[in-house]
Amino acid sequence: MERTLFSPEHDLFRQNFRKFLEKEVAPRYEAFEDEGMVARDVWKKAGEQGYLVPWMPEDYGGTGADWLYSVVLIEEVGRANVTGFGISLHNDVVAPYLADWLKPELKKELLPQLLTGDKILAVAMTEPGYGSNLAGIRTSARKDGDDYVITGQKTFITNGQLCDWVVVAARTDPDAQPPHKGISLFLVDTALPGFRRGRNLKKIGLKANDTSELFFEEVRVPRRYLLGGENQGFYQLMTKLQQERLVVAVRGAASMQSAVEHTIRYVQEREIFGQPLAKMQNTQFQIAECATAAEVAQAFVDRLIAAHIAGKDVVKEVSMAKYWVTDQLKQVVDKCLQLHGGYGYMTEYPIARMYTDARVQSIFAGTNEVMKVIIARKLGLD
């Protein structure tokens, strides 16, 4: 179906970014997977060409572009099957915390560095034993003179090896009731004494996206790096999770479409019993199902993109999209891999990477089970 969200300017931006991925990322992607991260020079080149935080206001060095430019970037990363390039986390998950809640006197100094690739972002919420339960955060931040002293451990942190700055959720009021009211957010420079990276975690998918344990051992953070007000962290996190989960749904829909396109090309070329695999009725039925799921997903996601840009509260619907699209993605990619036969299990075929990369989509940004809890509450079932 024709999509009506995008202007000719968006389309040109898409074409240019597609060429960037084809030239700078795709040829090196296997090496990035072996190394466990996308090389720093790629981030720098992305910054030079305007692909980092395109929505940043002009006052801070950006172009003030609408969020559809970010959507283009997210979709093209999914389409190109290079989902380990953590650009959307930097652009659309973490940077908004700084743009909204960094102290005004720091914005002109710090925000421009996000656009150039000089500073790469991560966000540290998840802790060992406290995955989706943000209210259970144990990392603490105590006041000491003009500083906060942060102590704790985080895990499964995307961009954890590359990041220069990390937004950290820490408990500033250990006695708060309910507990989620005692959490604050801080911008932590990873060059500070006491900050330590753990190992780059080995994963079954998204191997090019560095994912780490982070340790904070009496890290002294000046008070001015508190984002917003003290004990406002849980509210801030909830405010931004709509966009984070929409990012996952946008990428999932694009990846689903890519899987279908790759598989159609494969079954048209592959012959079995003297005829193209595409001629088999089972093949046609399977691809028809996958293509239908991809179209439905795209239509739903496009509606939510428009609502989100319009500033509407679509937490319930975004939660629906995040869980449904990622569940459908896993099913579609599995069917597409099956149609590749033994070749689908070989890593030189794109469908193999799609299969392993798809699995985590229903886990991060809040598990799909958590999404269903949110939906049920929004329907008045709590």
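# Notebook: rings, pockets and odd backbone spots

**Entry 1. A ring pair.** I began with Phe195, which is buried at a relative accessible area of 12%. (Buried means under 20%, exposed over 50%, partly exposed in between, with a 1.4 Å probe and protein chains only.) I note that the model is predicted: local features need pLDDT of at least 70, side-chain atom pairs need 80 or more, and totals for chains, interfaces and linings use all residues. Numbering starts from 1 along each chain as its sequence is written, and side-chain values use heavy atoms, without hydrogens or water.

Which ring pairs with Phe195? I found Phe216, set edge-to-face to Phe195, with 5.5 Å between centres and 65° between planes. (Rings of Phe, Tyr and Trp, the last by its six-membered ring, pair with centres within 6.5 Å; planes under 30 degrees apart are stacked, over 60 edge-to-face, the rest tilted.) Phe216 is buried too, at 1% relative accessibility. The two rings come from distant parts of the chain. Phe195 belongs to strand β6 (residues 195-200) and Phe216 to strand β7 (residues 211-222), 21 residues apart. (Helices, H or I of at least four residues, and strands, E of at least two, are DSSP runs numbered from the N terminus.)

**Entry 2. Other rings.** I counted aromatic pairs across the structure and got 11. One aromatic cluster takes in Phe13, Phe17, Phe20, Tyr51 and Tyr69. I then looked for charges over rings. Arg14 lies over the face of Phe6, 4.9 Å from the ring centre. Lys240 has its charged end over the ring of Trp101, at 5.1 Å from the centre. (The rule wants NZ of Lys or CZ of Arg within 6 Å of the ring centre and within 35 degrees of its normal.)

**Entry 3. The whole protein.** I listed 12 helices and 10 strands. The radius of gyration is 21 Å, close to the 21 Å that the globule rule gives for 382 residues, so the protein is as compact as a globular protein of that length. (The radius is over C-alpha atoms; the rule is 2.2 Å times the residue number to the power 0.38.) Along the principal axes, the C-alpha atoms fill a box of roughly 80 × 50 × 40 Å. Buried residues make up 53% of the 382.

**Entry 4. A pocket.** I opened the second largest pocket, with a volume of about 720 Å³. (On a 1 Å grid over protein atoms alone, a cavity is where a 1.4 Å probe fits but cannot get out; a pocket is an open set with protein on both sides within 12 Å along at least five of seven lines; lining residues have an atom within 4 Å of a point. Points join across faces, edges and corners, and volume is the space filled by probe spheres on them.)

Its lining has 32 residues. Nearest the pocket centre I found Asn81, Thr347, Tyr349, Pro350 and Arg353. Helices α1 (8-25), α2 (29-35), α8 (233-269) and α11 (350-358) each supply at least two lining residues. Which helix gives the most to this lining? I found α11, with 6 residues.

**Entry 5. Two cavities.** How many cavities of 30 Å³ or more are there? The count is 2. The largest holds about 90 Å³. Its lining consists of Asn81, Thr83, Ser255, Leu329, Val333, Met354, Asp357, Ala358 and Gln361. Both α10 (315-339) and α11 supply at least two of the lining residues. The largest share, 3 residues, comes from α11.

The second largest cavity has about 40 Å³ of space. I list Leu73, Ile74, Val77, Thr83, Phe85, Ile87, Ser88 and Arg251 as its lining. Both α4 (68-79) and α5 (87-101) supply at least two residues there, and α4 gives the most, with 3. Thr83 is in the lining of the largest cavity and of the second largest.

**Entry 6. Backbone checks.** Most residues other than glycine have a negative phi, and most peptide bonds are trans. I looked for exceptions. Gln177 and Pro178 are joined by a cis peptide bond, with omega about -5°. Pro178 sits in the loop between β4 (165-171) and β5 (183-189).

Asn159 has a positive phi, near 65°. I placed Asn159 in the loop between β3 (147-158) and β4. Is Asn159 buried or exposed? Asn159 is buried, with a relative accessible area of 1%. Leu206 also has a positive phi, about 45°. Leu206 lies in the loop between β6 and β7 and is buried, at 7%.

**Entry 7. A glycine.** I looked up Gly47 last and found it in helix α3 (residues 40-48). Gly47 counts as buried at 14% relative accessibility. From Gly47 to Pro57 I noted 10 residues in sequence and 15 Å in space, C-alpha to C-alpha.
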